[in-house]
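Open the model in your viewer and keep the selection tool handy. We will walk through it stop by stop, with something to select at each one.

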Number of protein chains: 2
Amino acid sequence: MAEYQAPLRYMRFLLHEVFKTEEKLAEMQAFPDFNRELMDAILDEAANFSTQVLFPLNGSGDSEGCQWEDGKVSTPTGFKEAFKQYCESGWAAMGCDEAYGGQPIPKSLHLMVEEIFCACNTAFALYPNLNNTATFLLEKHASNALKQQYLEKMVAGQWTGTMCLTESHSGSDLGIIKSTAVANSDGSYQVSGTKIFISAGEHDMSENIIHLVLAKLPDAPPGSKGISLFLVPKLNLDEAGNIAEANQVSCGSIEHKMGIKGSSTCVINFDDAKGYLIGEVNQGLRCMFTMMNNERLSVGMQGIGMAEVATQSAVSYALDRKQGRVSGGPEDVDAIIKHGDVRRMLLAMMSMTTGCRNLTAYVGMQYDISEQHEDSEQRKRAASLVALLTPVCKAYFTDKAYDTTNHGVQVFGGHGYVSEWGMEQLVRDTRITQLYEGTNGIQSLDLLGRKILSDKGQAWKELYCELAGMLERARKAGFDDDLSDDVAKSLEKLNEVTELVIANASVDYVSSVAVEYMHLFGTTVIAAVWMNVVAETLKQSEQGIFEQQILNMARHFCQYHLASTATAIARIKDGSKHIMSMSEAEFELLTEVN
Amino acid sequence: MAEYQAPLRYMRFLLHEVFKTEEKLAEMQAFPDFNRELMDAILDEAANFSTQVLFPLNGSGDSEGCQWEDGKVSTPTGFKEAFKQYCESGWAAMGCDEAYGGQPIPKSLHLMVEEIFCACNTAFALYPNLNNTATFLLEKHASNALKQQYLEKMVAGQWTGTMCLTESHSGSDLGIIKSTAVANSDGSYQVSGTKIFISAGEHDMSENIIHLVLAKLPDAPPGSKGISLFLVPKLNLDEAGNIAEANQVSCGSIEHKMGIKGSSTCVINFDDAKGYLIGEVNQGLRCMFTMMNNERLSVGMQGIGMAEVATQSAVSYALDRKQGRVSGGPEDVDAIIKHGDVRRMLLAMMSMTTGCRNLTAYVGMQYDISEQHEDSEQRKRAASLVALLTPVCKAYFTDKAYDTTNHGVQVFGGHGYVSEWGMEQLVRDTRITQLYEGTNGIQSLDLLGRKILSDKGQAWKELYCELAGMLERARKAGFDDDLSDDVAKSLEKLNEVTELVIANASVDYVSSVAVEYMHLFGTTVIAAVWMNVVAETLKQSEQGIFEQQILNMARHFCQYHLASTATAIARIKDGSKHIMSMSEAEFELLTEVN
């Protein structure tokens, strides 16, 4: 069976020792309540709740799935009660504005809590997670009137939010959506259109569902510059803000999917439904990005969370399962953890998952600086680092999480393929994270096109300086010379490649190499952030198993994972020549009868 | 929806132009009936039957799955009738001994036919495939009496075979099986034990099921040297060879799995069941390997087949799906095949799948030489090449097929995750190929430990000479200098790395680097075999779209896929140091509450 203990000791080590969150928050006079003890208590409580309530529903939620009947969606047995407990325990309010009953929380801590929830049950976590980011969007962009009407109930989890972007012909390309909105005389709008792939679009866990819908006004400019954002409730409100009659919103069906079967993925029809503009006309995509950027970090946490479950389960199995002999006679069967190939997979899993967590803690801290620092230059700098790293957290973490869950299956052998062991579900559930909230190809284009090329590598240069500092710290603390040299060389190579790409940027070139660049970037950055962790580890007065484990994970990352950059660099240098030279007729030939 | 046309033109090109099968068979005076026309007719018929009968049952077979009730297993709707047609059309007899109604067929053609059947429906193909290899094993190792009793019905598909190896505690390590066999006075045995993961172990498509079971005699030596092989029928035969009373064989349950849901994966209980020794006492594993080596090639074909479906489906979708603008105004939406990142994935899929098919044709030809050549030295040499390449066909093809089916999902975006499009099923169905018939880790150990180290690289040197010849042919035919240089360098590097590994072989080192070595080996060998295809392509009098497509696939392989060898080499050179240095206590810490 899948096994999971929240990695609390490591999370505390990251928060307190490596990134010194308490001190840094104090410097900024931000989150004054959040001392070490409170942060630890929140992590403990998240671990208790999720391992006791959510984890046991993960397998049953998968086999039962969501059911659609006559426009209503039932979630799997236990989800409704678990969501009630979730809200009662205050988790729905996490990160929301106090004015509406929310509980602000530092982002680095918030992301760790999300990792724990997603590890235990990503299909479940999607419901509150979407609500959380929808709430955040409304806080940032909605009118005061809308905030007053909706936010308190959403923060309490009594009502839940969705994001309605995709249409059947329009996914990565939102500029071509067909949903429309027509202004009413009272300031509201009539919203019409069919949206697909709407997570939590319909379910039985909340009293009302608040859809945030992208649509076009009749006179909107073409493409993505003509998209507006609307709040469209499933059930309308009366003047007192109480639920009144149903809006013209219906759930036409749910998708049968590879995984996250406990999460409802809905077709939602808006048929002259009453809606309310959020933000400015034609600025909908900009508003939606507030939500999407948070969602993208969340998807990264889904990846790390499920990768951690796969890793722990595989380690536990490998310690227990006896098969083959490393030495000794024919009857002296060894645990498979003694075999090099099994260790190779386990170390790849551990060092990657933990490496991604390290980067998350760094991004979380920068996020808090970008929101809380009194100095606007500091805020701006931190915001640019967060913007640079958000597509990496989404795409790199989830690509690597998928590899990790697949390693998990491989360590289990044939048993990994059988449902009862829980390992194949992790693969199926993780697969979606590479696709939704913008495919990892789109994330890579965002990284290379928008975050690197648009500012000629300025944000990268800021990050580079920080990473070089981390490496220097590890060297001073006495980390292995050969490995820190490898990290130094990798940083230089990433710098060179970045300059090369900036110098050679063409649409075809950028598109052809973007995913390779994202992998090169993610691996190199995480290797450098490992150095920060290593430096702090070597400074600990006691060097026990915990410290040794960290150092060995870092070593494996710098050897095994960093070796992958050679391939990425070669491919980026080769560029788009062979990729663009095959004609469409040559592709077509493949699908013809012959 | 998943789309598939058998790649007949390419298969004919490989058989006739590149590998000149007709001429080579004639030289050996083998398979005299098999001229070009007959081979083409068989490919055509395989394509017709499988695309018309098997492909339509692939999706429904997945959603319906097999059902177990009271020891009986029902296969999905349509499977039984399809199997009847399959046998009536003579496919069950393919490759079997004529003495029992079989139809001998050259291996290179046989493997292509298998690819086509597996592409259309791997879950279905497993039933006849296991029967086919079980039949092959009996032809090679069973007594004449057993052959007379069983083979004719098995060749006709009236009865079907299985291989019963795995027990719950014993998978990769068969030396520790607990199943027992005790001799009866009449020369038969009483076989007892519980076998798991038995594909086609129980089903409703044949009158009888013939289990080939590994078990130990009471006085057997420990480990893998004490394993014997028994034929244990589900239903006993009377003296006339007709079905009599049931044997003590029962199906305890079937597994719920990630994929291949139309294939029954059974727990089979043998409870003092009557069995018959095959081959010599304690030589069971050797006999079983006859079957397993053929099975391993078949599993490789499953990989290529499903990868081809993913590739064709993705190409077709990418030509059709409009999203994003490469150039032009906001309303000028392009088909996604114009985007570099989509092309990168499609080319990776095409060039890899076709590259694996090229190597298959080469292995098939060597297989035929090993069986048919009049010169025993030639037979021996070819057999050593087949032995060397069998674990590569199994492990490399299936690892790459899994990547390919995952690329397929990615090209489809969110639609790839939804069941109705058929792409996620390909991922789930392909995942098993990396696990069964020996995990790909075990295959890699077989390649490096048994096939490279045991003969100090002799078989590799033979192969190297052949590959160097292929490269020389491509150069003479005028293939791109830079790419043929890259292939030449890669061959040299593989040679160096092989010598390095031979010089440094220790148990830990070999186990730690085996999978990386397998990937390095497979990629380099396939790049070289591409050169053979390229040489022939450039020689064609007409250079049309077909030829251009081949050359561009080869170019992409030599650029994109060959770039992966840099990482593999770096990891092999780094060896086992960091892999073996983490203590078990450090691993255990990961799973502890903290």
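Start by selecting domain 1 of chain A and domain 3 of chain A: their centres, taken over C-alpha atoms, are separated by 30 Å. Bear in mind as you look around that this is a predicted model. To colour chain A by domain, use residues 8-140 for domain 1, 159-288 for domain 2 and 443-575 for domain 3.

**Stop 1: a covered strand in chain A**

Now select residues 159-164 of chain A, which form strand β3. Is this strand mostly covered or mostly open? It is mostly covered, with six of its six residues buried. Show the side chains and look along the strand: Trp159(A), Gly161(A) and Met163(A) point one way, while Thr160(A), Thr162(A) and Cys164(A) point the other way. The residues on both of these sides are buried.

Next, add residues 208-215 of chain A, strand β6, to the selection. In which sense do β3(A) and β6(A) pair? They pair in the parallel sense, over six bridges. For one pair to zoom in on, take Thr162(A), whose bridge partner in β6(A) is His211(A).

**Stop 2: two positive phi angles**

A little background helps here: most residues other than glycine have a negative phi. With that in mind, select Lys20(A), which is not a glycine and yet has a positive phi of about 45°. You will find Lys20(A) in the loop between α1 (8-18) and α2 (21-28) of chain A. Lys20(A) counts as partly exposed because 14 C-beta neighbours lie inside 10 Å, between the limits of 12 for exposed and 20 for buried.

Then jump to Phe197(A), also not a glycine, with a positive phi of about 60°. Phe197(A) sits in strand β5 of chain A, residues 189-199. Why does Phe197(A) count as buried? Because it has 25 C-beta neighbours inside 10 Å, and 20 or more are enough.

**Stop 3: helices packed in chain B**

Move to chain B and select helix α8 (residues 284-320) together with helix α12 (residues 423-431). Their axes are 10 Å apart and meet at an angle of about 165°, which makes α8(B) roughly antiparallel to α12(B). The crossing of α8(B) past α12(B) is left-handed. To see the contact, show Gly303(B), Met306(B), Val309(B), Ala310(B) and Ser313(B) on α8(B), and Met423(B), Leu426(B), Asp429(B) and Thr430(B) on α12(B).

Keep α12(B) on screen and bring in helix α10 of chain B, residues 376-412. How far apart are the axes of α10(B) and α12(B)? They are 9 Å apart, with a packing angle of about 165°. The two helices are therefore roughly antiparallel to each other, and α10(B) passes α12(B) in a left-handed crossing. Residues to show in this contact include Tyr402(B), Asn406(B) and Phe412(B) from α10(B), with Glu424(B), Val427(B) and Arg431(B) among those from α12(B).

**Stop 4: a buried glycine**

Finally, select Gly355(B), in helix α9 (residues 340-372) of chain B. Gly355(B) counts as buried because it has 28 C-beta neighbours inside 10 Å. Which residues does Gly355(B) touch, not counting those up to four places away in sequence? Show Ile526(B), Trp530(B) and Phe557(B). As a last distance to draw, connect the C-alpha atoms of Gly355(B) and Leu237(B): they are 47 Å apart in space and 118 residues apart in sequence.

Definitions and conventions: Residues numbered from 1 in each chain as written. Chains lettered and ligands numbered in written order. Predicted model: local features only at pLDDT ≥ 70, side-chain atom pairs only at ≥ 80, totals over all residues. Domains from an automatic or database assignment. Helix = DSSP H or I, 4+ residues; strand = E, 2+ residues; numbered from the N terminus. Pairing = 2+ DSSP bridges. Axes fitted to C-alpha atoms, helices over the stretch in contact; angles between N-to-C directions. Parallel < 35°, antiparallel > 145°, perpendicular 65-115°, else oblique. Left-handed = near helix turned anticlockwise from the far one by under 90°. Contact = placed C-beta atoms within 7 Å.
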